[in-house]
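Colleague: I've got the model open and a few labels puzzle me. Can you walk me through where they come from?

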Amino acid sequence: MIASQHTPVYQFRKLDKATLVQAAGVFRASVALGLVYQYVGLLAAVLVHVAIEVVGLYVVRNALRQPEPAA
């Protein structure tokens, strides 16, 4: 379910290796969050989801700040 909700955000428009890897990662994260919810509870699953999103945002921000290699 989480994977289907993130599809518009990630814009899976083309079916290449990078898209499949990203979709698989979103699917694995949704399964993990489902297991956390089932065995620990909703609040724990929400906190884990927030942590994953914050780490992802920091990774993207740092990747965007990397200087372009000189040609």
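**Reasons behind the labels**

Modeller: Sure. Keep in mind that this is a predicted model. Let's begin with Ser-30, which is found in helix α2.

Colleague: Okay, why does Ser-30 count as buried?

Modeller: Its relative accessibility is 13%, and buried means under 20%, so Ser-30 counts as buried. In α2, Thr-19, Val-26 and Leu-33 are buried as well as Ser-30. Across the chain, buried residues make up 10% of the 71 residues.

Colleague: What makes the pair Phe-27 and Ser-30 a polar contact?

Modeller: A polar atom of the Ser-30 side chain lies 2.6 Å from the backbone oxygen of Phe-27. The cut-off is 3.5 Å for a pair of N or O atoms, with one able to donate a hydrogen and the other to accept it, so the distance of 2.6 Å fits.

Colleague: And how do you know that the span of α2 agrees with its number of residues?

Modeller: Helix α2 covers residues 17-39. The expected span is 1.5 Å times one less than the number of residues, so the 23 residues of α2 should span 33 Å. The end C-alpha atoms of α2 are 33 Å apart, which agrees. After α2 comes Gly-41, with a positive phi near 140°.

Colleague: What about His-49: why is that residue called partly exposed?

Modeller: His-49, found in helix α3, has a relative accessible area of 25%. Buried means under 20% and exposed means over 50%, so at 25% His-49 is partly exposed. The C-alpha atoms of His-49 and Ala-29 are separated by 8.5 Å, though these residues are 20 apart along the chain.

Colleague: Which residues make the nonpolar surface patch, and what qualifies a residue for a patch?

Modeller: The patch is made by Tyr-37, Leu-42, Val-46, Val-50, Val-54 and Tyr-58, and has an area of about 570 Å². To qualify, a residue needs over 30% relative accessible area and no salt bridge, and nonpolar side chains are joined within 5 Å. Helix α3 (residues 42-65) gives the largest share, five residues, while Tyr-37 lies in helix α2.

Colleague: Last one: how many helices and strands does the chain have?

Modeller: Three helices and zero strands, running α-α-α from the N terminus on.

How values were computed:
Residues are numbered from 1 along each chain as its sequence is written. This is a predicted model: local features need pLDDT of at least 70, side-chain atom pairs count only at pLDDT 80 or more; totals for chains, interfaces and linings use all residues. Side-chain values use heavy atoms; hydrogens and water are left out. Patches are made of residues with over 30% relative accessible area and no salt bridge: like charges are joined within 9 Å, nonpolar side chains (Val, Leu, Ile, Met, Phe, Trp, Tyr) within 5 Å. Accessible areas come from the Shrake-Rupley method with a 1.4 Å probe; for residues, only the protein chains shown count as cover. A salt bridge is a side-chain nitrogen of Lys or Arg within 4 Å of a carboxyl oxygen of Asp or Glu. Helices (H or I, at least four residues) and strands (E, at least two) are DSSP runs, numbered from the N terminus. Buried means under 20% relative accessible area, exposed over 50%, partly exposed in between (1.4 Å probe, protein chains only).
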